[in-house]
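Dear colleague,

Here is the structure I promised to hand over, with my notes on what was found in it below. Please read them with the model open beside you.

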Amino acid sequence: MRISGKLCALVLFASISALAESKNPADYPLRVHVYPHQKVHFYNGTTEQESKGEGIANLYENGLPHGVEFTFDCSQNVKGNPGFETYPAKWKKPNQELIVLVPVFAKTNAYFTCNFKTSVKDEVYAVNKGKLVKVPGVQYKDWMTKHNYDPEHGLNTPTNVQQEKEDSTQ
């Protein structure tokens, strides 16, 4: 009996550990750029208990960009990414649900996970003259190549973007 009790405890502990999501960015091969989105926060006194909402993002997977519409229900606030920054992500259910690794505000190397229920699109979202527009994924991939932008591989800041802006105004 003693061995079976220890075995049950070990199996239970292993099951709980398997359910806990990793907080190591290296375990998240995809990248997601989240645009500002609609959300609602739920509080207990002054402590945020939950954040729910919907939005759009660009997903970078296997060198290709895809637009994504998503909904989320998370334990903490999920903010849109400034500039070209991205969050690490991985599929929980391919093309249906992403697990996104979100940094905890004002804490270094601290993260929480949030599940995004997704609808993957062929078009990608981009900002053109201050407005959010949809562009074909192939066209955006060409832009990424031209500007050496590949967030999956650490190329997080596109190059020659300012020069492109100057050339388009002349």
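Lys129 is exposed, with a relative accessible area of 81%, and this residue lies in the loop between strand S8 (123-128) and strand S9 (131-136). Please keep in mind here, and throughout, that this is a predicted model. The phi of Lys129 is near 55 degrees, a positive value in a residue other than glycine. Most residues other than glycine have a negative phi, which is the background for mentioning two further residues. Asn160, which is not a glycine either, has a positive phi of about 60 degrees; Asn160 is found in the loop between H2 and helix H3 (161-169) and is exposed, with a relative accessible area of 54%. Asn148, which follows H2, likewise has a positive phi, near 50 degrees.

Turning to the disulfide, a search of the whole structure finds 1, and this bond joins Cys74 to Cys114, with an S to S distance of 1.5 Å. Because Cys74 lies in strand S4 (residues 64-74) and Cys114 in strand S7 (residues 111-121), the pair ties together parts that are 40 residues apart in sequence. Both cysteines can be placed by their accessibility: Cys74 counts as buried at 5% relative accessibility, and Cys114 is buried with a relative accessible area of 1%.

Cys114 also belongs to the largest nonpolar core, which has 21 residues and in which Val78, Leu98, Cys114 and Phe116 touch the most other members. The elements that give two or more residues to this core are strand S1 (30-34), strand S3 (47-61), S4, S5, strand S6 (97-103) and S7, and the largest share, 4 residues, comes from S4. If neighbours within four places in sequence are left aside, Cys114 is in contact with Phe72, Cys74, Val78, Leu98, Ile99, Val100 and Val102. There is also a second, separate core of 9 residues, which includes Tyr60, Ala126, Met144 and Val161. As a general background to both cores, nonpolar side chains in soluble globular proteins tend to be buried together.

The aromatic residues deserve a paragraph of their own. The structure holds 9 aromatic pairs, and one of them is formed by Phe72 and Phe116, whose ring centres are 6.0 Å apart and whose planes are at 35 degrees, so the pair is tilted. Since Phe72 lies in strand S4 and Phe116 in strand S7, this pair ties together parts that are 44 residues apart in sequence. Phe72 counts as buried at 5% relative accessibility, and Phe116 counts as buried at 1%.

Another pair is that of Phe84 and Trp143, with ring centres 5.7 Å apart and planes at 20 degrees, so the pair is stacked. Phe84 lies in the loop between S4 and strand S5 (87-93) and Trp143 in helix H2, so the two rings tie together parts that are 59 residues apart in sequence. With regard to accessibility, Phe84 counts as partly exposed at 32%, whereas Trp143, at 18%, counts as buried. These two residues are also members of a cluster in which ring pairs link Tyr60, Phe84, Tyr140, Trp143 and Tyr149.

Two lysines are found over aromatic rings as well. The charged end of Lys79 sits over the ring of Phe105, 4.1 Å from its centre, and the charged end of Lys90 sits over the ring of Tyr28, 4.7 Å from its centre.

Finally, which residues of helix H2 are buried, and which are exposed on the face turned away from them? The buried residues of H2, which spans residues 137-146, are Gly137, Tyr140, Trp143 and Met144. They cover an arc of only 115 degrees around the axis, which puts them on the same side of H2. The face turned away from this buried side carries the exposed residues Val138, Asp142, Thr145 and Lys146. An α-helix has 3.6 residues a turn, so residues three or four places apart point the same way. On the buried side, Tyr140 and Trp143 also take part in the cluster of linked rings described above, while Met144 is included in the second core.

With best wishes

Notes:
Residues numbered from 1 in each chain as written. Predicted model: local features only at pLDDT ≥ 70, side-chain atom pairs only at ≥ 80, totals over all residues. Heavy atoms only, no water. Buried < 20%, exposed > 50% of the residue type's maximum accessible area, 1.4 Å probe, protein only. Arc of directions from axis to C-beta. Disulfide = S-S within 2.5 Å. Phe/Tyr/Trp six-rings, centres within 6.5 Å; stacked < 30°, edge-to-face > 60°. Lys NZ or Arg CZ within 6 Å of the ring centre and 35° of its normal. Core = buried A, V, L, I, M, F, W, Y, C linked by side-chain atoms within 4.5 Å. Contact = heavy atoms within 4.5 Å.
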